[in-house]
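Biologist: I'd like a close look at one part of this protein, explained at a first-year level. Could you walk me through it slowly?

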Amino acid sequence: MSIAVSGVSKLYGQQKALDDVSFQIDKGNIVGFLGPNGAGKSTMMKIISCYIPQTEGTVKVCGYDVMDQSMEVRSRLGYLPENNPLYPEMYVREYLEFMGGIHKIPSIKSRVDEMLEQVGLTLERKKKIGALSKGYKQRVGLAQAMLHDPEVLILDEPTTGLDPNQIVEIRNLIKSIGAEKTVMLSTHIMQEVEAICDRVIIINKGGIVADDESKNLTSNNHAQVIRVEFDHQIEVNKINSIQYVNEVKRVDDNTWLIGSDSEKDIRPFIFEFAVANNLNVLTVQKEEQRLEDVFKKLTSS
Ligand code: ADP
Ligand code: MG
């Protein structure tokens, strides 16, 4: 187990930012921590990274307690904070060597070279951090987080503020890093999770509202749901008699949602049915439930 969070609550004065949060992340997973602004994502990540203490509950990273064994945790964990604070006056190489010194990394120069190569910063290594584009600054932040070769990476909104091309680059970089490490990344962008994560934990108002594999969250109750519009009315029990149909819902007079648990595409059966009943089919559409819909439903209260 890379990360084990159990019954964690956090109070800021009177305000409860986290309320009895529990989850576990296995080694080698890329997990998306999804939630609207103010949900408690950064608070949870700061606690896991030993930056702030929780009010209640326990957090373990690679089996070590964040309160009692924070040095053990820090040596196994890399953290990219929200807004990626860097030193703009420092040069890229200089900064990474400085950070490597803090971690007491042996043969720091060759390790920095390796990281510069991995995040694609070799050509920028002599530039001042302040002169870099946002995407390149983010790469410096990632290099910093990975410098001591941690098993676990905590990335707080790693693509926020980047342009679309930079987003794709950083996502690909995270995916390649995720092949070897446990990655927990927060985001308020649903597509991000669909693009990179094996699993998603959704948090709203300090509480976990969903925790599942991305593909399970988006799957319908039925294997397929087809939206059909006929040119005139038909009785519901007739539609129910179509082969492989498990559930029928009326949307309006002539429009229906037809659900089936069959692996077979039921659309040909719907067409056959229409012909047999003198109906014309005006539209047929496969309904897709996207993660975005699930997210909206779970975080709207
Ligand atoms: P997210 O990262 O999901 O946007 P945060 O963890 O930053 O959410 O914040 C969760 C809640 O806790 C918010 O209501 C926020 O205003 C509050 N909060 C965060 N940090 C502090 C702090 N240092 N002091 C007081 N309240 C805070
Ligand atoms: Mg945040």
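Let's start with Ser262: in which loop does Ser262 lie? Please carry on from there to whatever else you find worth a look.

Modeller: Happy to, and keep in mind that this is a predicted model. Ser262 sits in the loop that runs between strand β13 (255-260) and helix α10 (267-276). The relative accessible area of Ser262 is 16%, and since buried means under 20%, Ser262 counts as buried. What does Ser262 touch, leaving out residues up to four places away in sequence? Its partners are Ala223, Gln224, Tyr244 and Asn246.

Now follow the chain from that loop into α10. Four residues of this helix are buried: Phe269, Ile270, Phe273 and Ala274. If you look down the axis of α10, those buried residues fall within an arc of 140°, so they line one face of the helix. Turn to the face pointing away from that buried side, and you'll find Glu272, Val275 and Ala276, which are exposed. So what covers the buried residues of α10? The cover includes β11 (224-230), α9 (236-240), β13 and β14 (281-286). You've met β13 already, as one end of the loop that holds Ser262. After α10 comes Asn278, and its phi is positive, near 55°.

Helix α3 (92-102) makes a nice companion to this one. Its buried residues are Val92, Arg93, Tyr95, Leu96, Met99 and Gly100. Viewed down the axis of α3, they stay within an arc of 165°, so here too the buried residues line one face of the helix. They pack against two other helices, α4 (108-118) and α5 (134-146). Just past the end of α3, Lys104 has a positive phi of about 55°.

Next, the ligands. Ligand 2 is a magnesium ion, coordinated by Ser42 through OG and Glu82 through OE, at 2.1 to 2.5 Å. Ser42 belongs to helix α1 (residues 41-48), while Glu82 is in the loop between β6 (77-80) and α3, so this pair ties together parts that are 40 residues apart in sequence. Are these two residues buried or exposed? Ser42 is buried, at 14% relative accessibility, whereas Glu82 is partly exposed, at 34%.

Ser42 turns up again around ligand 1, where the surrounding residues also include Tyr12, Gln15, Pro36, Asn37, Lys41 and Thr43. A polar side-chain atom of Tyr12 is 3.4 Å from a nitrogen atom of ligand 1. Gly38 uses its backbone instead: one of its N or O atoms lies 2.7 Å from an oxygen atom of the ligand. Ala39 also has a backbone N or O atom by a ligand oxygen, at 3.2 Å. On its own, ligand 1 would expose 560 Å², and the protein buries 63% of that. Which elements give two or more residues to the shell around ligand 1? They are β2 (15-25) and α1, and α1 gives the largest share, with 3 residues.

One last stop: Gln191, in helix α7 (residues 190-196). With a relative accessible area of 36%, Gln191 is partly exposed. Gln191 and Leu291 are 100 residues apart in sequence, yet their C-alpha atoms are 7.9 Å apart in space.

How values were computed:
Residues are numbered from 1 along each chain as its sequence is written. Chains are lettered from A and ligands numbered from 1 in the order in which they are written. This is a predicted model: local features need pLDDT of at least 70, side-chain atom pairs count only at pLDDT 80 or more; totals for chains, interfaces and linings use all residues. Side-chain values use heavy atoms; hydrogens and water are left out. Donors are N, O and S atoms within 2.8 Å of the metal (3.2 Å for Na, K and Ca); water is not among the atoms, so sites may look incomplete. Buried means under 20% relative accessible area, exposed over 50%, partly exposed in between (1.4 Å probe, protein chains only). The arc is that of the directions from the helix axis to the C-beta atoms. Contact means heavy atoms within 4.5 Å. A residue is near a molecule or strand if one of its heavy atoms lies within 4 Å of it. A polar contact is a pair of N or O atoms within 3.5 Å; within protein, one must be able to donate a hydrogen and the other to accept it, and residues adjacent in sequence count only if both atoms are side-chain atoms. Accessible areas come from the Shrake-Rupley method with a 1.4 Å probe; for residues, only the protein chains shown count as cover.
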